[in-house]
Amino acid sequence: MKLEILAALNAEREARRAAVLVTDVASGEQRLVREADLAADPLAGLLAERLRMGKSGMAETPAGDVFLTVQAPPVRIVVMGAVHISQALVPIARLLGHDIAIVDPRTAFATADRFPDAPVYAEWPDDVLPKLGVDRYTAFVALTHDPKIDDPGLVHALKSRCFYVGALGSRKTHARRVERLMAAGFTEADIARIHAPIGLAIGAISPAEIALSIMGEITATLRRKPEAAAAAA
Amino acid sequence: MTMLATDNDIMNKAEAWRREGKGVAIATVVETWGSAPRPVGSHLVIDNDGNFLGSVSGGCVEGAVVTEAVDVIESGAPRMLEFGVADETAWKVGLSCGGRIRVFVEKVD
């Protein structure tokens, strides 16, 4: 692999843009196809299909056998709420190889001291979420318990193509949230995207256990139904 | 805290090693049959001193891949390796799970 290609591959991942590396396994020759240039590539159909499935693999082409390295952007978790559960979510997400960002306009919560290993945005969701770019490789998690903060975040998430939306709160809290979102014009189908109560039912009690149950649910959504996720994309 | 290396770290490390002037190879799982511990697309990166990051199996064949990778760094020619239960190499460094994998090893130039 040429160093320029490796550097470009790393740069595309850093910028959260998908790309496919085409390697002729007989000669070792390679080319990097960025998502934006995909349509112009001679293997456009094949590359688009593999990208949609998110799966690397061998393929037969008229020019010989190639290996396609599909590089989808890393999963990112955007968390509303610089709370105790979020502090536990950061190392779990990191261990799994995901990016994570914390958003909370309450400056007493959103400090680098409390979150030394994750970017923290002490801003309102309406200001920061458009900048972050909630894309289809993003999981959105609302944990503040405060509708003033969670709701605008959820509105943004439901309008985006993110693959997971979860919101903390009891069934009662969620019922009131559903009413507010319906009043804001969302349909039942939109609102059904929200996992609430959030997390897998593992009887979690401590903040770390709740973080684990949330991460388990995100992982299940990510891995269990790739076709469904692809169809929604 | 030392964290488990992710694909992110692995490919960034390959680039960093090369920019430091080291010889570097990238090994990639390109095909698997049966039960294989790491999915297609998994990477192991190796420098010319035999340092490595990532994995192409559950630790079963990494040693053999590193040895081959050092040769690839010297020769510059890519290689396709195959490990499984049926060949002699497998007897030495085989996959205990009974699967079979093909690993493409290339130099970063």
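Which residues in helix 1 of chain A meet which residues in helix 1 of chain B? The exercises below treat a predicted model, in which local features need pLDDT of at least 70, side-chain atom pairs count only at pLDDT 80 or more, and totals for chains, interfaces and linings use all residues. Residues are numbered from 1 along each chain as its sequence is written, and chains are lettered from A and ligands numbered from 1 in the order in which they are written.

**Exercise 1. Describe the packing of the two helices and the contact between the chains.**

Step 1. From helix 1 of chain A come A:Leu3, A:Leu6, A:Ala7, A:Leu9, A:Asn10 and A:Arg13, which meet B:Asn8, B:Met11, B:Asn12, B:Ala14, B:Glu15 and B:Arg18 in helix 1 of chain B. Residues are in contact if their C-beta atoms, placed from the backbone, lie within 7 Å. Helices (H or I, at least four residues) and strands (E, at least two) are DSSP runs, numbered from the N terminus.

Step 2. The residues of this helix-helix contact divide into six nonpolar, three polar and three charged. Here Ala, Val, Leu, Ile, Met, Phe, Trp, Tyr, Cys and Pro count as nonpolar, Asp, Glu, Lys and Arg as charged, and the others, Gly among them, as polar.

Step 3. Helix 1 (residues 3-14) of chain A packs against helix 1 of chain B at an angle of about 145°, their axes being 10 Å apart. Axes are lines fitted to C-alpha atoms, for helices over the stretch in contact, and angles run from 0 to 180 degrees between N-to-C directions. The crossing is left-handed, that is, the near helix is turned anticlockwise from the far one by less than a right angle (right-handed if clockwise).

Step 4. The contact between the chains takes 20 residues from chain A and 22 residues from chain B. On the chain B side, helix 1 (7-19), strand 1 (24-33) and strand 5 (100-107) each supply at least two residues. Helix 1 of chain B gives the most, with seven residues.

**Exercise 2. Place strand 5 of chain A among its neighbours.**

Step 1. Five of the five residues of strand 5 (residues 76-80) of chain A are buried, meaning that 20 or more other C-beta atoms lie within 10 Å of a residue's own, with C-beta atoms placed from the backbone. A:Arg76, A:Val78 and A:Met80 point one way, and A:Ile77 and A:Val79 the other way.

Step 2. Strand 5 of chain A pairs in the parallel sense with strand 6 (residues 99-103) of chain A over five bridges; pairing requires at least two bridges found by DSSP. A:Met80 stands opposite A:Val103 of strand 6.

Step 3. From strand 5 the chain crosses through helix 3 (residues 84-95) to strand 6 of chain A, in a right-handed β-α-β crossover. Right-handed here means that, with the strands pointing away from the viewer, the path from the first strand over the helix to the second runs clockwise.

Step 4. Strand 5 of chain A also pairs in the parallel sense with strand 8 (residues 138-142) of chain A, over five bridges, and A:Val79 stands opposite A:Val141 in strand 8.

**Exercise 3. Determine the strand order of the open sheet in chain A and the helices packed on it.**

Step 1. The four strands have the order 2-1-4-3, with antiparallel pairing. Strand 2 (30-34) and strand 3 (57-61) are the edge strands.

Step 2. Helix 1 of chain A touches strand 1, strand 2 and strand 4 (64-71) of chain A. Helix 2 (residues 44-53) of chain A touches strand 1, strand 2, strand 3 and strand 4 of chain A.

Technical notes. Buried ≥ 20, exposed ≤ 12 C-beta atoms within 10 Å, placed from the backbone.
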